[in-house]
Amino acid sequence: MEYDAVIGLEVHAQIHTHTKMFCACHVMKDTGDIPPNTYVCPVCLALPGALPVVNRRAVEIGMLTGMALHCTINTTNVFARKSYFYPDLPKGYQISQYDLPLASDGYLDIEVDGETRRIRIRRAHLEEDTAKLYHLDDGRVQVDFNRAGAPLLEIVTEPDLHTAEEVRAYATLLRTILVYLGVNTGDMEKGMMRFEANVSVRPRGSTLFGTRVEIKNLNSFRSLTRGVEYEIQRQSALLDSGGVVEQETMGWNESAGYTYPQRSKEHAHDYRYFPEPDIPPLQLDPAWIAAVRAELPELPTERRSRLTTQYGIRAYDAELLAADRALADYFEVAVKMGQELALAPQDVANWMTGELFRLLNEANRPITGCRVTPEHLIALLFLVQKGTISASAAKKVLSEVFVTGEAPNTVVKRLGLAQMSDTDALHALVAQVLDQNPIQLAQYLEGKESVWGWFVGQVMRASQGKANPTQTREILQKSLEQRRSSQS
Amino acid sequence: MDTLYDLTVHAALSRLNAGEISSLDLTQALLARIQAVENNVCAYLRVLEEDALKQARYADQRRAEGDLSPLLGIPIALKDTFSTKGVETTCGSQILRGYIPPFDATVVRRLKDAGAVILGKTNQDEFAMGSSTENSGFFPTHNPWDLTRVPGGSSGGSAAAVAAGEALAALGTDTGGSVRQPASLCGLVGVRPTYGRCSRYGLIAFASSLDQPGPLARTVADAALLLQVIAGHDPRDGTSWPDAVPDYLAALRADVRGLRIGVPKEYFVTGVQPDVEKAVRDALNVLQNMGAELVEVTLPHSEYALPVYYLIAPAEASANLARFDGMRYGLRKEGATIEEMYARTRGAGFGPEVIRRIMLGTYALSAGYYDAYYLKAQQVRTLIKSDFDRAFEQVDVIIGPTSPVTAFRLGERTANPLEMYLADIFTLSQALAGIPALSLPCGCDAQGLPIGLQIAAPALHEVRMFQVAYAYEQATTWHTRRPPL
Ligand SMILES: [Zn+2]
């Protein structure tokens, strides 16, 4: 039988505030380098008597994200305790939000195969991260509380997704938005985003919901799409063979590529949510919400369309540039500088998505902090435009500037890459080449046009590549015509 | 010098300031008194003899240098609920045995900054769950007025210490009466401030929406001074009030003319010991004779205070006590699996009353029961609060008994938990409403056991409550009685 899948996605995104959700400890922006249990205090270790205090900046970033996801920002925010015992949860409960989340009823429009689909977002709420467990070979477990209490944003969709491709498109767009907003760096390997998918299948055309299976530990786009795809196939095959899908929680084994049962419905937790009495209901007054809204930047989808309409660059380039806020900012700064010099925005885009991207990728560096500033890029393009250097020399200059951060002019001088645009000197050079190669000259004059290209090459070589190609062509053309007429 | 331990804080301060005694004299006198009576009273879990002497010498040095900190050199006892840096803190529970906190509770910090000498940590019902201090995970405390009787609870150790002359004053915590009821049973002034008036940071939580630190002292002025020192906003406690703390001492005037005193009919019911009712009625007459007006008021939802309290407090406790899992501090009983370790640790570390309340609270929050129990209790709590709001539209303060009975015998109520819960019947509703209330001595029963008068005021109106108490105290001598120890 043919089946349709119904998928809802929960995303846990780290929030990169300076301090944790409920205490003054630093938030680790990176894992690994910091010794275990360095960023800890009585609050995030749950020492007796310690109390949580809400990090207002985390609330603001949560609001900002809610706004970007077209959600309603709820003015009354209630934190709640979610109780369960586990060594990674020092208080024995997680402070989260339940009845009254920060944001609700939003959506994101995704594009799959050229079609736009609206994915509704049920809610986005704040909570705290758990500690990290290290399982030792001898069976012991060690706990690192550096991450414990770091702010998290949980973003939950309605079951509006139907294929692994849609899931991927949604997750990718969400990541782009989170990075745009500066919520986190979007580095999946460092756990900036973690996914849980609720997957069910139903016979094609049915409007009933099938039994839902929750898949946990999907920690990369690859795991997410593979896990969802696997689960759709598994449930379809199970139903085809007359089986019944159990409501359960599954884990995902990335290396072996299959889902496995973690917890069945009978063992489902009763989290015993109740309002957190240590934190009074947080009232977001309209002035605060408005101030946060003013912080909201233009988002990737809107920016992409503006880049094409405002600058007339190709849609593909606009998408590449708009995917990263810093890149798009860089592009617009550069284009503005280039305007007075009559540099075309498309040329700026070409150089960015071509050579500059190549250099950044090779060095595995972001645009932020790149030594090639927009000023440098524009100066370089201007040198090319006025013929001071050739396009190929410009690539060389760019890679130099990328390393040293020198002005392109300085590099051109240092490497002697300026083109020879002196007409007299070029005339002399062309004359010299023609004189030194009488055989080829005769062949050309006899009508062998293919020798033309060879002469151009010879002049370029004689100039050590500095001859301005356009001028060279003009002078060579004239000189050859002169020889032809003097011969006849 | 041998009766220095009997001084009020104010008397001790004036003698210290006059240079008649040193803090070292005072502290030594108290340590000697502890030495003499502690075996019978059992008020302390830990006496910090060396540290107290060191603090006393330091206080004397500061005083010599002109330091005028409000509690400089005054020996004070702390309930073991308060986290104390470098000093074992158990909250009366075996599960925290050996736990040494790396930080001071905010109120402890404030006492230390004010120059107080910390004598030790006092006994209590485990995690403040109890009304007799018999639920201590270590040993029961005895009432200095009659060693066969309980001092009340849960701050029974603090109350007994002050009553026995083992401290000039003490801090306790009040969740449903745990400062006021032992103050009543031990003949002291005990204050429960407005919820949020004092920081709860570092107070080991029993029920977060109810817990408040509060002083136990021999006089109203002493209690007001202690509250002055510990009250105030704390950025570490999101539920603490940002409002400025008024000058409580400056406001003490022995004048109640024109004051309207609410007398709730619900507080004079069967089950109140006749001696207690009489003492309270007499006290009301004293105030009336001084010019106050008595107004009968009604608090119709009072009868629900007990069930509401015993749903909300255990529900919050069930989560608050989840952190005692043997993972990071305190007791750990190893097990083959993590679940077994949790079960063995908590089974061995918690006493029966704590386990009972964790089970009650867990049940009240469980899926399918939440609406009927926890949520309903919260709704009724709102009604209890509006009872007070309405009453305070007519009157300035509300007065009644603190405890329906005087100190009962050790073991008398331990068999039946509900009977023990009834000991707090008059102190629960103020806690649920978040309003301030205090208890002060207003008489004694046929056996000479103290009786307490409870005065409640609207939120943040501690001044009003202190004024009435001070006026009554000035007009009577009950506060001068000392136990025959
Ligand atoms: Zn911390």
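Q: Which residue follows α5(B), and what is the sign of its phi?
A: The residue that comes after α5(B) is B:G165, and its phi is positive, near 75°. The structure is a predicted model, in which local features need pLDDT of at least 70 and side-chain atom pairs count only at pLDDT 80 or more, while totals for chains, interfaces and linings use all residues; side-chain values use heavy atoms, with hydrogens and water left out. Residues are numbered from 1 along each chain as its sequence is written, and chains are lettered from A and ligands numbered from 1 in the order in which they are written.

Q: Why is helix α5 of chain B called largely enclosed?
A: A helix here is a DSSP run (H or I, at least four residues; a strand is E, at least two), numbered from the N terminus, and α5 of chain B covers residues 156–163. Buried means under 20% relative accessible area (over 50% is exposed, in between partly exposed; 1.4 Å probe, protein chains only). In this helix 8 of the 8 residues are buried, so it is largely enclosed by the rest of the structure. Among them are B:G156, B:S158, B:V162 and B:A163.

Q: What makes the peptide bond from B:G153 to B:S154 cis, and where is B:S154 found?
A: The omega of the bond from B:G153 to B:S154 is near 5°, and this bond is cis. B:S154 is found in the loop that runs between β3 (117–122) and α5 of chain B.

Q: What sets the phi of A:A46 and of B:C91 apart?
A: Most residues other than glycine have a negative phi. A:A46, however, has a positive phi near 55° without being a glycine, and B:C91, also not a glycine, has a positive phi of about 55°. A:A46 lies in the loop between β1 (3–14) and α1 (56–68) of chain A, whereas B:C91 is in the loop between β2 (75–79) and α4 (106–113) of chain B. With a relative accessibility of 0%, A:A46 counts as buried, and B:C91, at 1%, counts as buried too.

Q: Why is A:E128 called buried, and what does its side chain contact?
A: A:E128 sits in strand β7 (residues 115–128) of chain A, and its relative accessible area is 6%, so it falls in the buried class. A polar contact is a pair of N or O atoms within 3.5 Å (within protein, one able to donate a hydrogen and the other to accept it; residues adjacent in sequence count only if both atoms are side-chain atoms), and the side chains of A:E128 and A:K91 make one at 2.8 Å. Contact in general means heavy atoms within 4.5 Å; neighbours within four places in sequence aside, the contacts of A:E128 include A:M21, A:F22, A:Y93 and A:L152.

Q: How do you know that B:S429 is buried, and which residues is it in contact with?
A: B:S429 belongs to helix α14 (residues 428–433) of chain B, and with 3% relative accessibility it counts as buried. Leaving out neighbours within four places in sequence, B:S429 is in contact with B:Y267, B:A305, B:I384 and B:F388. The side chains of B:S429 and B:Y267 also make a polar contact, at 3.1 Å.

Q: Why is the second largest pocket said to lie between two domains?
A: Domain bounds come from an automatic or database domain assignment, which divides chain A into domain 1 (3–292), domain 2 (300–415) and domain 3 (423–487). Domain 1 and domain 2 of chain A both give residues to the lining, so the pocket lies between them. Its volume is about 1,600 Å³, and 41 residues line it, with A:R175, A:T176, A:V179, A:A323 and A:D324 nearest its centre. The element that gives the most to this lining is α2(A), with 7 residues.

Q: What makes an empty space a cavity, and how many of 30 Å³ or more are there?
A: On a 1 Å grid over the protein atoms alone, a cavity is a set of points where a 1.4 Å probe fits but cannot get out, whereas a pocket is an open set with protein on both sides within 12 Å along at least five of seven lines; lining residues have an atom within 4 Å of a point. The structure holds 7 cavities of 30 Å³ or more. The largest has a volume of about 110 Å³, and of its 18 lining residues A:F22, A:V43, A:L51, A:P52 and A:K91 are the closest to its centre. The second largest cavity, of about 70 Å³, has among its lining residues A:P48, A:D278, B:L203 and B:F324.

Conventions: Points joined across faces, edges and corners; volume = space filled by probe spheres on them.
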